[in-house]
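Subject: Structure handover and findings

Hello,

Here is the structure I promised to pass on. Please open it alongside this note, which goes through what turned up.

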Amino acid sequence: GPRLHDIGHQVLPQVDELSNLVDSPMYCLYPFIGFLFLSTLIPHEGVTKPYLVNMVKRFGCVFAIGHTLRAATYLATSLPGSAKHCLDPEKVEANRPTVPEIFYKPASLVVNCGDLMFSGHMLQMILFVLMIHRYGQKCWVISRTQHRVVLAIVSLLCVAQSCVILMARHHYTSDIVVAFYVTPLLWYFYNNEIDKTDRTPNHERIAAQVLDLPFPSFDSNEQV
């Protein structure tokens, strides 16, 4: 069907050529995340860096929760696709998967029309920024000012991603706005209600298990 009235589409021009470049800002953010993860494996004298497993766990859990909520929203209400190919009923019908294909055929990010509320690209981008906000200064052993500069850069990439998505007409403005407040709320809730502190290894217990030495009994909730 026709596109819904959208203020973002009125403000930003439609650029069909951006459909194949919609992931470009995200690709620019990947080196920051890669370096963030890699830096946890590089020791620095006098500095205790976060453990990589804690970082991956936090990101993965919030990412999974976010996509579960996305599935609940876009499956509950089918909005008319905002992309150019979604305006042609024949193309929509041609790209519609059969019931068996749903279980084995990966969904295309180029010809997809129903995955709207809210933006998965923005969910991932904002989570990357929040990861850098929480762990960047400790992992990179940089000053607060340098950390703020990095945060400003990745935040601009996040804003650029939202503009590219709207200009390519892959989403409505509401999909972007919802992602901008749902993702930080999920991150805050997980870090303050579910997993408040990062786990640290109990070196004495690990050594006792490896060397098969006796060790006092411990509570099941104790960190290992």
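A contact here means heavy atoms within 4.5 Å. Counting contacts in the protein chain with a separation of 6 or more, 81% are between residues 24 or more positions apart. Keep in mind that this is a predicted model.

**Overall layout**

The protein chain has nine helices and zero strands. Along the sequence the pattern reads α-α-α-α-α-α-α-α-α. The chain has 224 residues, and 37% of them count as buried. Its accessible surface comes to about 13,600 Å². Carbon and sulfur atoms hold 64% of that surface.

**The core**

In soluble globular proteins, nonpolar side chains tend to be buried together. Here the largest nonpolar core has 41 residues. Which of its members touch the most others? Leu36 and Ile132 do. Helix 2, helix 3, helix 6, helix 7 and helix 8 each supply at least two residues of this core. Helix 6 gives the largest share, 13 residues.

Look at Ile132 in detail. Leaving out residues up to four places away in sequence, Ile132 touches Leu29, Phe32, Ile33 and Leu36, among others. Its further partners include Gln137, Trp140 and His147. Val150, Leu151 and Val154 are also on the list.

**Helix 2**

Helix 2 covers residues 24-39. With 16 residues at 1.5 Å a residue, helix 2 should span 22 Å. Its end C-alpha atoms are 24 Å apart, which agrees. The buried residues of helix 2 are Pro25, Met26, Leu29, Ile33, Leu36 and Ser39. An α-helix has 3.6 residues a turn, so residues three or four places apart point the same way. The buried residues of helix 2 pack against helix 3, helix 6 and helix 7.

Leu38 also sits in helix 2. Is Leu38 buried or partly exposed? Leu38 counts as partly exposed, because its relative accessibility is 47%. Together with Phe35, Leu41 and Ile42, Leu38 makes a nonpolar surface patch of about 400 Å².

**Helix 8**

Helix 8 runs over residues 173-194 and has 22 residues. From first C-alpha to last, helix 8 reaches 31 Å, close to the 32 Å expected at 1.5 Å a residue. Buried positions in helix 8 include Thr173, Asp175, Ile176, Val178, Ala179 and Val182. Thr183, Leu186, Trp187, Tyr190 and Asn191 are buried there too. What do these buried residues pack against? Their partners are helix 1 (7-11), helix 3 (52-76), helix 6 (120-140) and helix 7 (144-167).

**Salt bridges**

Side chains of opposite charge can pair when their charged atoms come close. There are three salt bridges in this model.

- Asp195 pairs with Lys57, with the closest N and O atoms 3.4 Å apart. Asp195 is in the loop between helix 8 and helix 9 (203-210), and Lys57 is in helix 3. The two are 138 residues apart.
- Asp195 also pairs with Arg58, where the closest N and O atoms are 4.0 Å apart. Asp195 lies in the loop between helix 8 and helix 9 and Arg58 in helix 3, so this pair ties together parts 137 residues apart in sequence.
- Asp198 pairs with Arg58, the closest N and O atoms being 2.7 Å apart. Asp198 lies in that loop between helix 8 and helix 9 and Arg58 in helix 3, so the pair connects parts 140 residues apart in sequence.

Shared partners join Lys57, Arg58, Asp195 and Asp198 into one network.

How accessible are the four residues? Arg58 is buried, with a relative accessible area of 0%. Asp195 counts as buried at 11% relative accessibility. The cut-off for buried is under 20%, so both qualify. Asp198 counts as partly exposed at 24% relative accessibility. Lys57 is partly exposed as well, with a relative accessible area of 34%.

**Where to look**

For the core, begin at Leu36 and Ile132. For the charged network, begin at Arg58, which pairs with Asp195 and with Asp198. For the nonpolar surface patch, go to Phe35, Leu38, Leu41 and Ile42.

Best wishes

How values were computed: Residues are numbered from 1 along each chain as its sequence is written. This is a predicted model: local features need pLDDT of at least 70, side-chain atom pairs count only at pLDDT 80 or more; totals for chains, interfaces and linings use all residues. Side-chain values use heavy atoms; hydrogens and water are left out. Helices (H or I, at least four residues) and strands (E, at least two) are DSSP runs, numbered from the N terminus. The expected span of a helix is 1.5 Å times one less than its number of residues. Buried means under 20% relative accessible area, exposed over 50%, partly exposed in between (1.4 Å probe, protein chains only). Accessible areas come from the Shrake-Rupley method with a 1.4 Å probe; for residues, only the protein chains shown count as cover. Patches are made of residues with over 30% relative accessible area and no salt bridge: like charges are joined within 9 Å, nonpolar side chains (Val, Leu, Ile, Met, Phe, Trp, Tyr) within 5 Å. A salt bridge is a side-chain nitrogen of Lys or Arg within 4 Å of a carboxyl oxygen of Asp or Glu. A nonpolar core is a set of buried Ala, Val, Leu, Ile, Met, Phe, Trp, Tyr and Cys residues joined through side-chain atoms within 4.5 Å.
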